[in-house]
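Reader: I would like to go through this model step by step, beginning with how its strands are joined and ending with the ligand. Could you take my questions in that order?

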Amino acid sequence: MRAGLAGYSRSGKTSLFNALTGLHRGPEARLHLGAIKVPDPRLDRLSAIFKPKKTTHAEVLLADLPGPRSKGASLEADALQALREVDALCLVLRAFESDADPLRDLRDYEAELIVSDLAAAEKRMHRLRQERNAGGEMLELARVAAHLESGSPLRTLTMSDAEESALAHFGFLSRKPMLVVVNVAEGEAAKPLELELTVAARALGAEAIALSAEVESEIADLPAAEQPDYLESLGLKEPARAVFLRAVYGLLKEISFFTVGEDEVRAWTIRRGDRAARAAGKIHSDLEKSFVRAEVVHYDDFIAAGSEHRARETGRLRLEGKDYVVQDGDILHVRAGRAK
Ligand SMILES: Nc1nc2c(ncn2[C@@H]2O[C@H](COP(=O)(O)OP(=O)(O)OP(=O)(O)O)[C@@H](O)[C@H]2O)c(=O)[nH]1
Ligand SMILES: [Mg+2]
């Protein structure tokens, strides 16, 4: 999964990117790529039990997308292309200085996405008209265009699964799941997000969180042992990284499952609703086809039973077929046949 930090220049995207990934990218407006390890206490516990050679966390790929060169300038073609390639947009809004107006920036940025989508829809409609094609696609696009013209993002347009997949290849930007990240001043980091912004984000079909990129980078620079005290002194329960990752997972409807063993204990990311064969395909692409069964035990049941052996005896560890819908926290052992 790839999440993209988007937003106007000097909103704090690169500062946040560095704090979340531990990288040290310079301030020049360029595309940066990095990964955030997803902290998961369940993985730590499994690792303590199995003592594997290697423990691997799930990762969220993060792209730091260059903003428009100046406020009022439209998004450049390369910025639009970078936006198209992410699964979720994290719109960073500057709110750490007194002259900042995050609500205005939210509306302005969203308007740019809407204008870009409208142009794409109209271009295609123009082509269809030239071809005298008034079929289903034309009707769908007319509905899309009317929605955009009313100033609303496609996130708030109800679509059937069939419409959704028919329009997927357009990669409409205002349809992408969006997390609004309000970058507040250091002293405001522990305050709840302003209601006005939460309401505005919801109206656009987006979620919103507040954090301070500055505070987050200070936390990232501290040794792990000193982080809890520092968080407490700021009145924070957890680092923004945790809040951010939870929000992004929720946005993309993603969950984690685990594989365990002497060699490696590992967390994997899949979409909610994915079936066992698809999950196995994450581990190794051949495993999706050669999948026979999976032994499944939920993390909570495994911990309650104390061992895989006990879990099997009590019927908590069971065999599931390829259509089993994997649950967040499942531990999987995939049994494969010969690849077909
Ligand atoms: N006080 C304060 N300053 C911040 C914060 N976040 C970013 N800044 C400052 O704002 C300036 C711009 O931050 P960047 O992270 O480079 O902004 P950007 O969004 O990546 O900008 P572009 O790459 O030009 O699109 C830098 O001088 C940062 O130090 C913050 O939370 N608090
Ligand atoms: Mg930057």
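Reader: How many bridges join β5 to β6?
Author: In this predicted model, strand β5 covers residues 88-95 and strand β6 covers residues 178-184. L89 stands opposite M178 in β6, and the two strands run parallel, joined by a number of bridges that comes to 7.

Reader: Which residue in β5 is the bridge partner of A3?
Author: Strand β1, made of residues 2-6, pairs with β5 in the parallel sense over 4 bridges. Of the 8 residues of β5, 7 are buried. Within β5, the bridge partner of A3 is A88.

Reader: Which residue in β7 is the bridge partner of N183, and is the crossover from β6 to β7 right-handed or left-handed?
Author: Strands β6 and β7 (residues 207-211) run parallel and are joined by 5 bridges, and the partner of N183 in β7 is L211. Between these strands the chain passes through helix α7, residues 195-203, in a β-α-β crossover that is right-handed.

Reader: Which element gives the largest share of the shell around ligand 1?
Author: An oxygen atom of ligand 1 lies 2.8 Å from an N or O atom in the side chain of T14, while for a polar backbone atom of G12 the distance to a ligand oxygen is 3.0 Å. The protein covers 79% of the 650 Å² of accessible area that ligand 1 has on its own. Two or more residues of the shell come from each of α1, β6 and α8, and the largest share, 3 residues, is given by α1.

Conventions:
Residues numbered from 1 in each chain as written. Chains lettered and ligands numbered in written order. Predicted model: local features only at pLDDT ≥ 70, side-chain atom pairs only at ≥ 80, totals over all residues. Heavy atoms only, no water. Buried < 20%, exposed > 50% of the residue type's maximum accessible area, 1.4 Å probe, protein only. Pairing = 2+ DSSP bridges. Right-handed = clockwise from strand over helix to strand, strands pointing away. Polar contact = N/O pair within 3.5 Å; in protein donor to acceptor, adjacent residues only side chain to side chain. Areas by Shrake-Rupley, 256 points an atom, 1.4 Å probe, with all protein chains shown as cover.
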